[in-house]
Amino acid sequence: MAGDRLFAVCVKANAYGHGMPEMVSLLTEIPGVDYLTVHSADEARVCRAYGWTKEIIVLGPLSPWEVGDLFEYNLQPTVVSKTVLERIGKECEKRNQSARVHLKLETGTNRQGITENEIEQFAVVFKKYKQLSRPFGLSTHFANIEDTTNHEYAQSQLKEFNRLAGLFNKAGLKPTIRHTACSAALVLFDKTKFDLVRPGISIYGHWPSKETHLSYRLTGGENDIFHPVMSWRARITQIKKVPADSFVGYGCTYRTTSVARLAIIPVGYYDGYSRALSNQAYVLIKGKRAPVRGRVCMNLIMVDISDIKGIKLGEIATLIGTDNGQTLSAEQLADWSGTINYEILARISPETTRVISD
Ligand SMILES: *Cc1c(COP(=O)(O)O)cnc(C)c1O
């Protein structure tokens with residue numbers, strides 16, 4: 001808990017690629033983390049299996065057949081469907097237990113959210129089940145906060161959230177807590193923080209976007225509040241010399257102009273190293289840039305080490321991270337492959353071994 005506000009850490013998508021088991025075991029040791037947030041009941045079960053005993057909010061949709069899990073694993077669901085709320089109410093009655101549900105309000109993202117004209121129907125369900133009686137949380141999510149330095153839309157969503165929350169109060173559905181803040185909202189707007197904050201990407205040391213970083217700096221914020229916590233490395237499994245005018249890899253998309261020395265690295269698109277990085281990216285070896293030659297394969301890449309001296313078999317290649325003072329970021333990989341840092345991190349294969357080090 002930070003002050004009198006609850007602190008929830010988002011560990012969906014295998015903890016943004018950092019490894020859910022590893023992250024959950026680390027977070028269990030930190031007293032200030034009150035909640036985990038996850039996408040699904042399946043992810044919540046994994047958190048419980050790795051020893052998380054405090055609260056969990058399931059942010060994504062809960063299927064009617066997963067209602068039993070709420071009670072079995074002590075989960076707080078995000079509810080946007082009257083049918084699901086009704087099921088939860090029935091289950092509460094059957095077990096003579098209460099449930100803490102969070103209602104997500106539609107404020108302009110048009111993904112998951114309850115609209116103004118549904119409030120009355122929800123009120124009816126809450127009144128029907130005395131164990132349920134009212135929502136524990138009211139929440140919403142911003143559509144356009146990290147993608148821009150113009151935050152008018154986010155401000156309008158915040159205003160709409162406050163307006164709808166007022167209507168819920170009037171309908172007798174005053175929640176215990178309200179929450180809206182993802183990482184970008186958390187660093188940019190105090191008024192989004194309410195009673196609980198639920199950051200994801202910033203916990204792992206990444207800015208949500210360049211725009212968020214810029215907006216934060218323009219308000220006088222410090223430059224380096226986030227430091228990425230994860231590196232991605234692999235060992236060279238083969239080194240070879242190829243003659244001038246040789247093609248490299250599938251599709252013959254790269255051809256050497258002179259004799260070249262190539263290193264083979266056992267990472268490919270299966271592992272989350274996107275095929276869009278073909279002939280675009282480099283890796284760091286001994287702090288030097290070794291360009292990816294040819295297409296990224298399913299399980300391998302070839303990189304050019306012609307100009308890097310003294311490389312041996314088993315030498316470490318850094319795909320993301322710092323090596324000998326040189327840094328290659330997830331954001332750089334995202335730029336090369338036309339995506340965002342979130343996707344780069346989240347797609348690193350869960351099968352890749354995670355090692356926790358100091
Ligand atoms: C993923 C998610 C977050 C965390 O977002 P970040 O931008 O990673 O901080 C917060 N709230 C909801 C509803 C989410 O789905």
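**Reading strands, loops and spaces in a predicted model**

Tutor: Strand β13 (residues 260-265) is joined to β16 by 4 bridges, and the two run antiparallel. This is a predicted model, in which local features need pLDDT of at least 70 and side-chain atom pairs count only at pLDDT 80 or more, while totals for chains, interfaces and linings use all residues. Residues are numbered from 1 along each chain as its sequence is written, and side-chain values use heavy atoms, with hydrogens and water left out.

Student: How should I read such names and pairings?

Tutor: Strands of a sheet pair through backbone hydrogen bonds, either parallel or antiparallel. Helices (H or I, at least four residues) and strands (E, at least two) are DSSP runs numbered from the N terminus, and two strands pair if DSSP finds at least two bridges between them. Here, Ile265 stands opposite Ile301 in β16. Strand β15 (residues 288-293) is also antiparallel to β16, with 2 bridges, and Val292 has Val303 of β16 as its bridge partner.

Student: Which residues of strand β16 are buried on each side?

Tutor: Ile301 and Val303 are buried on one side of β16 (residues 301-304), and Met302 and Asp304 are buried on the other, which leaves both faces covered. Buried means under 20% relative accessible area, exposed over 50%, and partly exposed in between (1.4 Å probe, protein chains only).

Student: What is the strand order in the open sheet of 8 strands?

Tutor: The order is β7-β6-β5-β4-β3-β2-β1-β8, with parallel pairing. Strands β7 (177-179) and β8 (196-197) are the edges, each pairing on one side only. Within this sheet, β2 (residues 35-38) and β3 (residues 55-58) run parallel and are joined by 4 bridges; Leu36 has Ile56 in β3 as its bridge partner. Helix α3 (residues 41-49) packs on the sheet and touches β2 and β3, its direction making about 165° with that of β3. Helix α7 (residues 152-170) also packs on the sheet, touching β5 (102-104), β6 (137-139) and β7, at about 150° to the direction of β6. Contact means heavy atoms within 4.5 Å; axes are lines fitted to C-alpha atoms, for helices over the stretch in contact, and angles run from 0 to 180 degrees between N-to-C directions.

Student: What does the sign of phi tell me?

Tutor: Most residues other than glycine have a negative phi. Asn74, although not a glycine, has a positive phi of about 50°. Asn74 is placed in the loop between α4 (67-72) and β4 (76-79), and its 38% relative accessibility is why it counts as partly exposed.

Student: How is empty space found, and what is the volume of the largest cavity?

Tutor: Rolling a probe the size of a water molecule over the atoms shows where empty space is left. On a 1 Å grid over the protein atoms alone, a cavity is a set of points where a 1.4 Å probe fits but cannot get out, and a pocket is an open set with protein on both sides within 12 Å along at least five of seven lines; lining residues have an atom within 4 Å of a point. Grid points are joined across faces, edges and corners, and a volume is the space filled by probe spheres set on the points. The largest cavity has a volume of about 40 Å³, and its lining includes Lys104, Arg111 and His141. The second largest pocket has a volume of about 440 Å³. Of its 20 lining residues, those closest to its centre are Lys12, Tyr16, Leu59, Arg111 and His141.
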